[in-house]
Amino acid sequence: MFDFLKVVMSFLPLCIKNVEWDGDFLIFSGDGWSFNTSSVWRVSKGRELLFACWDDQVHIRIEELVGLSVVNVSWITKNQPIDPSFALSDGRKLDVFSSSVYEPWVMNLPNGSVFIGNS
């Protein structure tokens, strides 16, 4: 999965053009790429938690990410390739917490590469 970071970084920045959250699945995407997960997630900036998947008004807050770009990708816990963390162009971070092997995340990239995490 360390190749995942290298490959994704070769496409950065990735502009977020669409965000969907239906209470079960988070999907964010742009031209030729997408990321989706059924795991829990949060958006933070610095030391402040801004909102998370089950917060009130999350359907409105998640729309704030449209128009931003993913400018870096890392793991929440260094050297443990399980939970991705997406650094956004306005300083926010979107962290995804894989909770079981039955809830993998999937990232499709512009070159046709597909990465499936926690599987």
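A residue counts as buried when its relative accessible area is under 20%, as exposed when it is over 50%, and as partly exposed in between. Keep that cut-off at hand for the exercises below, which all work on a predicted model.

**Exercise 1. Classify Trp41 and Phe51, then describe how their rings meet.**

Step 1. Start with accessibility. Phe51 has a relative accessibility of 1%, so Phe51 counts as buried. Trp41 comes to 2% and is therefore buried as well.

Step 2. Turn to the rings. A pair of aromatic rings is described by the distance of the centres and the angle of the planes. For Phe4 and Phe115 these are 5.2 Å centre to centre and 70° between the planes, an edge-to-face pair. Trp41 and Phe51 are also an aromatic pair of the edge-to-face kind, with 6.2 Å between centres and 90° between planes.

Step 3. Place the second pair in the fold. Because Trp41 belongs to strand E5 and Phe51 to strand E6, their pairing ties together parts that are 10 residues apart in sequence.

Step 4. Place the other pair too. Phe4 and Phe115 are both buried. Across the whole structure, the search gives 11 aromatic pairs, and one aromatic cluster takes in Phe4, Phe28, Trp33, Phe35, Trp75, Phe86, Trp105 and Phe115.

**Exercise 2. Which residues of the largest nonpolar core touch the most other members?**

Step 1. This core has 31 residues, and the ones that touch the most other members are Phe4, Phe28, Trp41, Val70, Phe86 and Met107.

Step 2. Ask where the core draws its residues from. Two or more come from each of helix H1 (2–9), strands E2, E3 and E4, strand E5 (40–45), strand E7, strand E8 (84–88) and strand E9 (92–97).

Step 3. Look closer at Trp41. Leaving out residues up to four places away in sequence, the contacts of Trp41 include Trp21, Leu26, Phe51, Val58, Ile62 and Leu94.

Step 4. Set this beside a general trend: in soluble globular proteins, nonpolar side chains tend to be buried together.

**Exercise 3. Work out the strand order of the open sheet and find its edges.**

Step 1. Six strands make up the open sheet, in the order E1-E7-E8-E9-E5-E6, with antiparallel pairing.

Step 2. The edge strands are E1 (14–15) and E6 (48–52), each of which pairs on one side only.

Step 3. Check one edge. E1 pairs with strand E7 (residues 69–75) in the antiparallel sense over two bridges, and Cys15 stands opposite Ser69 in E7.

**Exercise 4. How many salt bridges are there, and which residues do they join into one network?**

Step 1. The count comes to six salt bridges.

Step 2. Take Asp31 and Lys17, whose side chains meet at 2.7 Å, N to O. This salt bridge links distant parts of the chain, 14 residues apart: Asp31 is in the loop between strand E3 (26–30) and strand E4 (33–37), and Lys17 in the loop between E1 and strand E2 (18–21). Asp31 is exposed at 58% relative accessibility, while Lys17 is partly exposed at 41%.

Step 3. Next come two more salt bridges. Arg61 meets Glu64 at 2.7 Å, N to O, and Asp90 meets Arg92 at 2.6 Å, N to O. Salt bridges with shared partners join Arg61, Glu64, Asp90 and Arg92 into one network.

Step 4. Classify the members. Arg92 is buried at 13%, whereas partly exposed is the label for Asp90 at 24%, Arg61 at 27% and Glu64 at 31%.

Terms used
Residues numbered from 1 in each chain as written. Predicted model: local features only at pLDDT ≥ 70, side-chain atom pairs only at ≥ 80, totals over all residues. Heavy atoms only, no water. Pairing = 2+ DSSP bridges. Helix = DSSP H or I, 4+ residues; strand = E, 2+ residues; numbered from the N terminus. Salt bridge = Lys/Arg side-chain N within 4 Å of Asp/Glu carboxyl O. Buried < 20%, exposed > 50% of the residue type's maximum accessible area, 1.4 Å probe, protein only. Core = buried A, V, L, I, M, F, W, Y, C linked by side-chain atoms within 4.5 Å. Contact = heavy atoms within 4.5 Å. Phe/Tyr/Trp six-rings, centres within 6.5 Å; stacked < 30°, edge-to-face > 60°.
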